[in-house]
Amino acid sequence: MISWEDFENVELRIGTIIEVNEFPEARRPAYKLKVDFGPEVGVRKSSAQITDLYNPELLLGKQVLAVTNFPPKQIGKFMSECLVTGIKNDEGAITLVSTDHKVSNGQRLI
């Protein structure tokens, strides 16, 4: 169990995917994403293993929930600056955590 204070320290924010690129050097199929989290956080990069269910056209403009206060993580030659959240389906493919309705970029999960 974690405390409520521990949970409050995790910044889970909504952002809009503004750029998607192939990531052929990744060990497992992935995309390089740029996600806009609004003026307070800005644009962050992320690597996401979501190629089973998504193509670049589906991802552009999609709002996603991400952890924005992890330290950057080196993934090959790519520096990931946030963790886009997802859940494995029964076949093991990742489905992104998103909103039903558009909200302002940078809003925190409450």
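Start by selecting residues 6-110: the C-alpha atoms at the two ends of this span sit 14 Å apart, and the span is 10% helix and 40% strand. Helices (H or I, at least four residues) and strands (E, at least two) are DSSP runs, numbered from the N terminus. UniProt, in an unreviewed entry, puts the feature "domain: TRNA-binding" on residues 6-110; its positions follow the numbering used here, feature names are shortened, and annotations may be inferred rather than shown by experiment.

A word on what you're looking at: this is a predicted model, where local features need pLDDT of at least 70, side-chain atom pairs count only at pLDDT 80 or more, and totals for chains, interfaces and linings use all residues. Residues are numbered from 1 along each chain as its sequence is written, and side-chain values use heavy atoms, with hydrogens and water left out.

Next, pick Glu11, Arg13 and Glu40, which are linked in a network of salt bridges. A salt bridge here is a side-chain nitrogen of Lys or Arg within 4 Å of a carboxyl oxygen of Asp or Glu. From Glu11 to Arg13, the closest N and O atoms are 3.1 Å apart; from Arg13 to Glu40, they are 3.4 Å apart. Arg13 lies in strand β1 (residues 12-22) and Glu40 in helix α2 (residues 38-41), so this pair ties together parts 27 residues apart in sequence. Switch on the surface and Arg13 is buried at 6% relative accessible area, while Glu40 is exposed at 68% (buried is under 20%, exposed over 50%, partly exposed in between, with a 1.4 Å probe and protein chains only).

Now hop to Glu25 and Lys32, another salt bridge, with the closest N and O atoms 3.6 Å apart. Glu25 is partly exposed at 47%.

Keep Glu25 selected and add Phe23, Arg27, Arg28 and Lys77: they are among the residues lining the second largest pocket, which holds about 250 Å³ of space. A pocket is an open set of points on a 1 Å grid over the protein atoms alone, where a 1.4 Å probe fits, with protein on both sides within 12 Å along at least five of seven lines; lining residues have an atom within 4 Å of a point.

Last stop: Ser46, Ser47, Cys82, Leu83 and Val84, the lining residues nearest the centre of the largest pocket. About 370 Å³ of space lies there, counted as what probe spheres set on the points fill, with grid points joined across faces, edges and corners. Colour β3 (43-48) too, as this strand gives the most to the lining, with three residues.
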